[in-house]
Amino acid sequence: MQSTERLEKEKILPLVFKLTIPAVIAQLITFLYNIVDRMYVAKIADVGMDALAALGIVLPITLIIQAFSNLIGLGGAPRASMKLGEGDCDEADKIFNTAFVLLLIIGLVISVITFFASKQIVVLFGCPASAVDFADSYLKIYSAGTIFVLLAQGLNPFITAQGYSLTAMFSVLIGALANIALDPLFIFALDMGVKGASLATVVSQFLSFVWILVFFFTKKSAFRLRFKAMRPNAKRILSVITLGLSPFVMLLTECAIQIVFNINLKISTGGDKDYTAALTIMLSALQLISLPLNGLGYGMQPFIGYNYGKGNADRLKQGVKCVTVIAFVFAAIMWSISMAFPQVYAYLFSASKNVLQIVKRYSPLFLMGSIMFFVQMTLQNINVALGRAGSALFLAVLRKVIILIPLCFALTHFLGFKGVYMSEGIADLVAGIITAAVLFTSFPKVFKKREAELNSGDKNDIINP
């Protein structure tokens with residue numbers, strides 16, 4: 001059975017597992033990508049906590065860069081998937097080629113800016129004075145490989161969109177394994193320190209990019225790189241960007257709040273690196289919970305997009321119910337572990353005694369709202385796959401911009417550094433409840449509306465309302 005045909009005809013539950021397990025594994029591998037550098041640099045003799053604090057500052061900067069890959073990749077891939085479902089393979093291929101050109105241009109621009117302004121950027125983002133040189137050297141090297149980061153992460157969703165979840169997973173796995181192998185070589189054996197961690201990441205992303213590029217030249221791929229299909233088309237570009245705004249803003253606001261956290265901690269603690277290092281660990285714990293749930297949503301996107309294109313309302317309902325239950329069970333298990341044994345996250349990073357105590361005491365507050373991530377991450381990604389650009393953008397902004405950032409400043413003003421840690425948990429709970437109410441009431445209406453449109457012969461344009 002062809003990959004796209006499976007999306008329409010295969011039994012729901014087995015198909016959900018086939019699509020989501022590789023995507024979840026890919027997100028867990030991404031988590032390794034994100035933390036392996038931190039775990040290694042924390043072991044650097046004498047300056048481990050300074051180096052860890054530096055990577056905590058650089059993390060939101062690299063996420064801002066990666067957000068642009070979400071803007072194009074996670075905006076274009078669902079559009080292409082819908083067109084495959086409608087049988088318009090030529091338009092789907094043009095969307096893919098448009099995404100490739102956009103990623104290439106954006107990557108070149110960002111690379112130049114971050115390379116020449118790296119030190120000013122890390123200082124602006126609240127880097128403790130003792131960690132500035134570490135953060136600057138990491139970002140400068142990372143910026144040189146930005147184009148490979150964007151192309152690898154922005155094109156991979158187009159593999160998933162065709163139903164090849166395992167292939168997409170291996171593209172991430174190749175880079176992660178390379179990063180794990182190269183980190184100790186560059187950091188310790190070649191004595192490059194933090195610079196070695198950055199170089200290992202760049203080389204790893206390059207290897208992922210090569211794997212992905214090769215796939216699009218194979219017979220399996222429905223998409224091909226073609227110069228004629230790369231011609232700019234304003235309507236097509238707008239369709240990609242409008243749908244990609246939600247995942248873009250979701251990641252961008254994650255970065256914004258990390259910057260807000262770092263600045264508030266610097267002000268409230270006088271620049272104590274231990275609190276910044278502890279925050280880096282807590283944010284890593286948050287990623288461990290959220291990334292697999294993101295993976296569930298990403299894995300379901302080809303199913304959602306294809307069946308939405310076909311107008312299969314009943315099949316859409318069954319798929320969403322299955323993945324919602326799976327996401328909730330996972331979120332509940334991870335939340336329970338985090339509340340009962342928060343110190344386990346500090347042990348992963350060989351934290352100093354003082355940092356361990358901060359993590360143990362404040363992680364339950366920081367992570368208390370993560371129980372709602374089954375909605376915030378998984379169902380929000382399904383919302384994107386349905387082409388609901390406006391709704392997805394509002395919900396992306398709600399959690400961080402409308403609730404969390406003002407709350408962080410307010411609580412820190414009254415409670416000091418404790419307010420930084422409390423604000424995340426409170427905002428996640430409140431935003432999760434609102435998002436659940438919106439999505440659970442709107443999804444059935446969206447499915448019925450699409451079915452009615454196709455029954456009446458009224459197909460959507462490229463840009464959905």
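Which side chains meet in a salt bridge at 3.2 Å, N to O? In this predicted model, the two partners are K83 and E86. K83 and E86 both belong to helix α3, which covers residues 48-86. Three residues separate them, about one turn of the helix. Both K83 and E86 are buried.

The overall fold provides the setting for this pair. The protein contains 17 helices and zero strands. Its radius of gyration is 21 Å, close to the 23 Å given by the globule rule for 465 residues, so the protein is as compact as a globular protein of that length. The C-alpha trace spans about 65 × 45 × 35 Å along the principal axes of the protein. Of the 465 residues, 62% are buried. Among contacts with a separation of 6 or more, 83% are accounted for by residues 24 or more positions apart. The exposed area of the protein is about 17,500 Å², and carbon and sulfur atoms supply 69% of this area.

The salt bridges come to eleven in total. One of them joins the side chains of E91 and R236, at 2.8 Å from N to O. This pair links distant parts of the chain, with E91 in helix α4 and R236 in helix α10, 145 residues apart. E91 has a relative accessible area of 10% and R236 one of 8%; both values are under the 20% cut-off, so both residues count as buried. Elsewhere, salt bridges that share partners join K83 and E86 with R450 and E453 into one network.

A further salt bridge is formed by the side chains of E10 and K18, at 2.6 Å from N to O. The two ends of this bridge fall into separate accessibility classes. E10 counts as buried because its relative accessibility is 13%, under the 20% limit. K18 counts as partly exposed because its relative accessibility is 47%, which lies between the limits of 20% and 50%.

Aromatic contacts were examined next. The count comes to 19 aromatic pairs. In one of these pairs, the ring centres of F96 and F216 are 4.5 Å apart and the ring planes meet at 40°, so the pair is tilted. F96 and F216 connect distant parts of the chain, being 120 residues apart. F96 is located in helix α4 (residues 89-116), whereas F216 is in the loop between α9 (194-215) and α10 (234-269). F96 has a relative accessible area of 0% and is therefore buried. F216 likewise counts as buried, because its relative accessibility is 0%. Both F96 and F216 are members of one aromatic cluster, which is formed together with F158, Y164, F215 and F223. Helix α4 thus holds F96 of the aromatic pair as well as E91 of the salt bridge to R236.

Charged side chains also lie over aromatic rings. The charged end of K220 sits over the ring of Y164, at 5.2 Å from the ring centre. Y164 is itself one of the residues in the aromatic cluster that includes F96 and F216. In another case, K140 lies over the face of F115, 4.8 Å from the centre of the ring.

Methods:
Residues are numbered from 1 along each chain as its sequence is written. This is a predicted model: local features need pLDDT of at least 70, side-chain atom pairs count only at pLDDT 80 or more; totals for chains, interfaces and linings use all residues. Side-chain values use heavy atoms; hydrogens and water are left out. Rings of Phe, Tyr and Trp (its six-membered ring) pair if their centres lie within 6.5 Å; planes under 30 degrees apart count as stacked, over 60 as edge-to-face and the rest as tilted. Helices (H or I, at least four residues) and strands (E, at least two) are DSSP runs, numbered from the N terminus. Buried means under 20% relative accessible area, exposed over 50%, partly exposed in between (1.4 Å probe, protein chains only). A charge sits over a ring if NZ of Lys or CZ of Arg is within 6 Å of the ring centre and within 35 degrees of the ring normal. A salt bridge is a side-chain nitrogen of Lys or Arg within 4 Å of a carboxyl oxygen of Asp or Glu. The radius of gyration is taken over C-alpha atoms; the globule rule is 2.2 Å times the number of residues to the power 0.38. Contact means heavy atoms within 4.5 Å. Accessible areas come from the Shrake-Rupley method with a 1.4 Å probe; for residues, only the protein chains shown count as cover.
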